[in-house]
Amino acid sequence: MTESKAMTTNRGAVLPLTAAQAEIWFDEQFATGPLGYNMADYIDLRGPLDPDLLGRALGRLGHEAEGLRVQFVEEDGTPGQIIRPLAQLPLKRLDFAREPEPLAAAEAWMRADHADPLKVTDFPLFRGALIHLGPEHHLLYLCMHHILADGFSRALLYPKLAALYTRLAAGEDEHALDADAMPPFHRLLDAERDYLDSAHVERDRKHWTTRLTAGAHGPAPELVSLSARQPAPGRSALRHTARLSAEATDAVRALARDGKVTMPVVMVAAAAAYTQRATGVDRPLLTLPVT
């Protein structure tokens, strides 16, 4: 495996960006104002909780997940990233237990925090809060910039956090945790560099050039939108939450299983089908900045 090429400054080694990171970096650099790249969610924690131990587990997670503690910089016009230590965990402790409606108060606070954009040049690019709602009831809220992670990687972090908390509660020391720590961040960069240096790049470029231009596969995809307005920078999020029935949930999971794909792939396909139906375009094109 080839190693990622890195510049060195007095702040440390400057690693290259992945392709997905570069898309977000340049999108934010050319924007006239902050964009809506904040990602946030919370975990509903019921039962006994040791806040200090949870803080230790979060600190350990931040130590292992090097990609969460990178600082984005620009050297001679070229963007890069530096892995930095966390001097202090950006985790607030809030108490809404005495509010008339603790959960509503917590949700209002989280919505306001989510609406406050992290800038790609900030460090660290995540923040959180442990919110006390009542006896043995807490919310763990985490907000981060999308350049650090996506929905899939966040889903990997939470089980790791739970495992770290459990192991620390059982009395394991830091050296024992090192044995199965998360792999170093440079392995992701090395894998992308290996791909870019391989013959697969030209093969994939030819495939998508053929698919996305007029030719044997039909006309080029038509640019369409679900909105009648002119395109504008996305600076906020619109969210509507609904719960699927158990039967519908089982059906979606069965669809993913039968198609041998992940749930996010099913969701993207559903979005494409909806876009096709709403716009009347035969071949809708969705663009997503992902690895």
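Biologist: How do helix α2 and helix α4 cross, and at roughly what angle?
Modeller: In this predicted model, the axes of α2 (residues 51–64) and α4 (residues 151–169) come within 9 Å and cross at roughly 125 degrees. That makes α2 oblique to α4.

Biologist: Is the crossing of α2 and α4 left-handed or right-handed?
Modeller: α2 passes α4 in a right-handed crossing.

Biologist: And which residues make that contact?
Modeller: From α2 you have Leu53, Leu54, Arg56, Ala57, Leu58, Arg60, Leu61 and Glu64. From α4 come Leu157, Lys160, Leu161, Leu164, Tyr165, Leu168 and Ala169.

Biologist: How many of those are nonpolar, polar or charged?
Modeller: Eleven are nonpolar and four are charged, with no polar residues in the contact of α2 with α4.

Biologist: Let's pick one of them. Is Lys160 buried or exposed?
Modeller: Lys160, which is found in helix α4, has a relative accessible area of 17%. Buried means under 20%, so Lys160 counts as buried.

Biologist: What does Lys160 touch?
Modeller: Not counting residues up to four places away in sequence, Lys160 touches Leu61, Glu64, Asp180, Ala181 and Met182. Leu61 and Glu64 belong to the α2 side of the contact we just went through.

Biologist: New topic! In the largest nonpolar core, which residues touch the most other members?
Modeller: Those are Phe72, Ile131, Ile147 and Leu148, in a core of 46 residues. The elements that give two or more residues to this core are α1 (19–30), α2, β4 (70–75), α3 (102–114), β7 (126–134), β8 (137–145) and α4.

Biologist: What is Phe72 in contact with?
Modeller: If you leave aside its neighbours within four places in sequence, Phe72 is in contact with Leu17, Gln21, Trp25, Gly80, Gln81, Val120, Thr121, Leu125, Ile147 and Leu148.

Biologist: Okay, and where is Thr18?
Modeller: Thr18 is in the loop between β2 (12–14) and α1. Thr18 is buried, with a relative accessible area of 4%. Setting aside neighbours within four places in sequence, Thr18 is in contact with Gln81, Leu188, Leu189 and Glu192. Gln81 also appears among the contacts of Phe72.

Biologist: One more helix pair: at roughly what angle do α8 and α9 cross?
Modeller: The axes of α8 (residues 246–259) and α9 (residues 263–279) cross at roughly 105 degrees and come within 9 Å. That makes α8 roughly perpendicular to α9.

Biologist: Which residues meet there?
Modeller: Val252, Arg253, Leu255 and Ala256 in α8 meet Met263, Val266 and Met267 in α9. Six residues of this contact are nonpolar and one is charged, with no polar ones.

Notes. Residues are numbered from 1 along each chain as its sequence is written. This is a predicted model: local features need pLDDT of at least 70, side-chain atom pairs count only at pLDDT 80 or more; totals for chains, interfaces and linings use all residues. Side-chain values use heavy atoms; hydrogens and water are left out. Axes are lines fitted to C-alpha atoms, for helices over the stretch in contact, and angles run from 0 to 180 degrees between N-to-C directions. Helices (H or I, at least four residues) and strands (E, at least two) are DSSP runs, numbered from the N terminus. Angles under 35 degrees count as roughly parallel, over 145 as roughly antiparallel, 65 to 115 as roughly perpendicular and the rest as oblique. A crossing is left-handed if the near helix is turned anticlockwise from the far one by less than a right angle, and right-handed if clockwise. Contact means heavy atoms within 4.5 Å. Ala, Val, Leu, Ile, Met, Phe, Trp, Tyr, Cys and Pro count as nonpolar, Asp, Glu, Lys and Arg as charged, and the others, Gly among them, as polar. A nonpolar core is a set of buried Ala, Val, Leu, Ile, Met, Phe, Trp, Tyr and Cys residues joined through side-chain atoms within 4.5 Å. Buried means under 20% relative accessible area, exposed over 50%, partly exposed in between (1.4 Å probe, protein chains only).
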